[in-house]
Amino acid sequence: MTKISRYYFTLSFSLLITVILLAAGCTKKSSQSSSTSDSKNPLKIGFILDNMNEERYAKDKKYFEDKAKSLGADVMFASANSDVAAQNNKVENMLSAGVKVIVVQPVDSNAASSLVQTSHKEHVPVIAYDRIIYGAPVDLYVTQNSFQVGVLQAEAAAKAAKGKGNFVILSGAEGHSVAEAITAGNISVLKKYPDIKVVVHQYHPGWSTELALKTTENALTRYNNKIAAVLANNSGMAHGAVQAVAEQGLTGKIFIAGADADLAAIKDIVAGKQQFEVLKDIKPLAEAAAQAAVLLAQGKPVSFDTTMENKSGSSIKVVNTPVYPIEKDNIEQRIIQSGFHDRSEVYGDKKL
C-alpha cells in the first residue's frame, strides 16, 4: 500500500470511528431524554366515584391515590355527585386530559355502559369499581364480595333469632348491583329456615337513612313490634333502623345488621344499639383497583379471582376483596388494630 493510500485509509477509518461515537452519544442522550420525560410525565389514571357523601368514600379516594402514587402514577379524581350526566362529562374530561385507564364507580350500572363505549373508542381500558357496569365489556371488575356480605348478615341474624321470626330487609337503590348482591346473599340463607319470614323487603333510593327509618317504623307498626331482625344493605340504613327501634323502646331486642362499618354503626354496636356489621375493608379494594389500573396502563396482564357473565353476554374478569363480620367482641381486632377507625373515635373517653 502506498503512503497516499495509507493516508486516505487512516483518514476514512478515523471518520468512521467519529461517526460511531457520535451516534452512540446521540442514542445515550435520546435514552436519557426519554427516561427524564417518563419521570416528569407519569402515567395518568382516572378515578371517578359516584359521590363523596358517604363516610367511606374519603377512604376510597385516599387509599387509591396513595397506592397509585407509590406505583409512579398520577390520579385525576372526580366525584359525579350521583348524577349520570355529570359522570359522563367527567369521563370525557379525563379522556381529553390523556388518562390511560379509567376506574369508575358507576352512578347507574346500566347507564354506565356508554362510558365504556366512549372510553374504548379512545383505546382506554375501563375498570368497574365497587359496582358492576352492565351491558358493556369492562376490562375488569374490582369489588368486595357483596353476596358474602348478605350471607354473613343473615347467618348471624338467623342464629340470634334461633331460626324463627319476622325479618325486614332494607335494600339499597333498586337495580344497584351491590344492593342486589347483598340482598341475594340474605335470601340465600333465610330460605333455609321455614320459620323465618321476610315480611318486608324494600328498596331505598340513594340508600337513604331517612327512608330506611320510615320503612322500619312502618314494619314495626304493621306487625305490632313483632320483628326479630332487620338486615340493612349498608351502615346508614342500619342506623335508620336503630332510630326506629329506639323510638319503640326495643333497643337490643331486635337484631340489626348493617354493612360498611361506618363509625356511627361501630359506636352503635359498642352502645348495644346494633348487633352486627360487615367490614367491607376499603384499603384492599382501593389498592387492588389502583394496582390493576397501573398494570393495564402499562399493557401488562392483571391477575383475577373469578369471572362473571355480564348482561352484554361477555365474560368479565373479577377481583374480589375480602369482607369480615363485626361484632362487639372483635371490634378491637378488626376495627381498631387494623386502623379502620381510631380507638378514640370509637370509644371517646370511655375507659376500656
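## Exercises on a predicted chain

Of the contacts in the chain that join residues at least 6 apart in sequence, 71% link residues at least 24 apart. The model is a predicted one, and its chain holds 12 helices and 13 strands, with buried residues making up 46% of the 352 residues.

**Exercise 1.** Determine where S171 lies, whether S171 is buried or exposed, and which side chain its own side chain meets in a polar contact.

*Solution.* Step one is to place the residue: S171 belongs to strand β6, which covers residues 165-171. Step two is to classify its accessibility: the relative accessible area of S171 is 0%, and since buried means under 20%, S171 is buried. Step three is to look for a polar partner, and here the side chain of S171 makes a polar contact with the side chain of H201 at 2.8 Å. Step four widens the view: once neighbours within four places in sequence are set aside, S171 is in contact with T183, H201, Q202, Y203, H204, N233 and M237.

**Exercise 2.** Describe how helix α7 and helix α8 are arranged, and work out which residues they bring together.

*Solution.* Two packed helices are described by the angle between their axes and the distance between those axes. Step one takes both quantities: the axes of α7 (residues 209-222) and α8 (residues 235-247) come within 7 Å and cross at roughly 40°. Step two names the arrangement: α7 is therefore oblique to α8. Step three adds the handedness, as α7 passes α8 in a right-handed crossing. Step four lists the residues: on the α7 side they are T209, A212, L213, T216, E217 and L220, and these meet G236, M237, H239, G240, A241, Q243, A244, V245 and E247 of α8. By type, the residues of this contact divide into 7 nonpolar, 6 polar and 2 charged.

**Exercise 3.** For D130 and N225, give the sign of phi, the loop that holds each residue, and its accessibility class.

*Solution.* Most residues other than glycine have a negative phi. Step one is to examine D130, a residue other than glycine whose phi is positive, near 75°. D130 sits in the loop between β4 (126-129) and β5 (140-144), and with a relative accessible area of 3% D130 is buried. Step two is to examine N225, which is not a glycine either and has a positive phi of about 65°. N225 is found in the loop between α7 and β8 (229-232), and because its relative accessible area is 28%, N225 is classed as partly exposed.

Conventions
Residues are numbered from 1 along each chain as its sequence is written. This is a predicted model: local features need pLDDT of at least 70, side-chain atom pairs count only at pLDDT 80 or more; totals for chains, interfaces and linings use all residues. Side-chain values use heavy atoms; hydrogens and water are left out. Helices (H or I, at least four residues) and strands (E, at least two) are DSSP runs, numbered from the N terminus. Buried means under 20% relative accessible area, exposed over 50%, partly exposed in between (1.4 Å probe, protein chains only). A polar contact is a pair of N or O atoms within 3.5 Å; within protein, one must be able to donate a hydrogen and the other to accept it, and residues adjacent in sequence count only if both atoms are side-chain atoms. Contact means heavy atoms within 4.5 Å. Axes are lines fitted to C-alpha atoms, for helices over the stretch in contact, and angles run from 0 to 180 degrees between N-to-C directions. Angles under 35 degrees count as roughly parallel, over 145 as roughly antiparallel, 65 to 115 as roughly perpendicular and the rest as oblique. A crossing is left-handed if the near helix is turned anticlockwise from the far one by less than a right angle, and right-handed if clockwise. Ala, Val, Leu, Ile, Met, Phe, Trp, Tyr, Cys and Pro count as nonpolar, Asp, Glu, Lys and Arg as charged, and the others, Gly among them, as polar.
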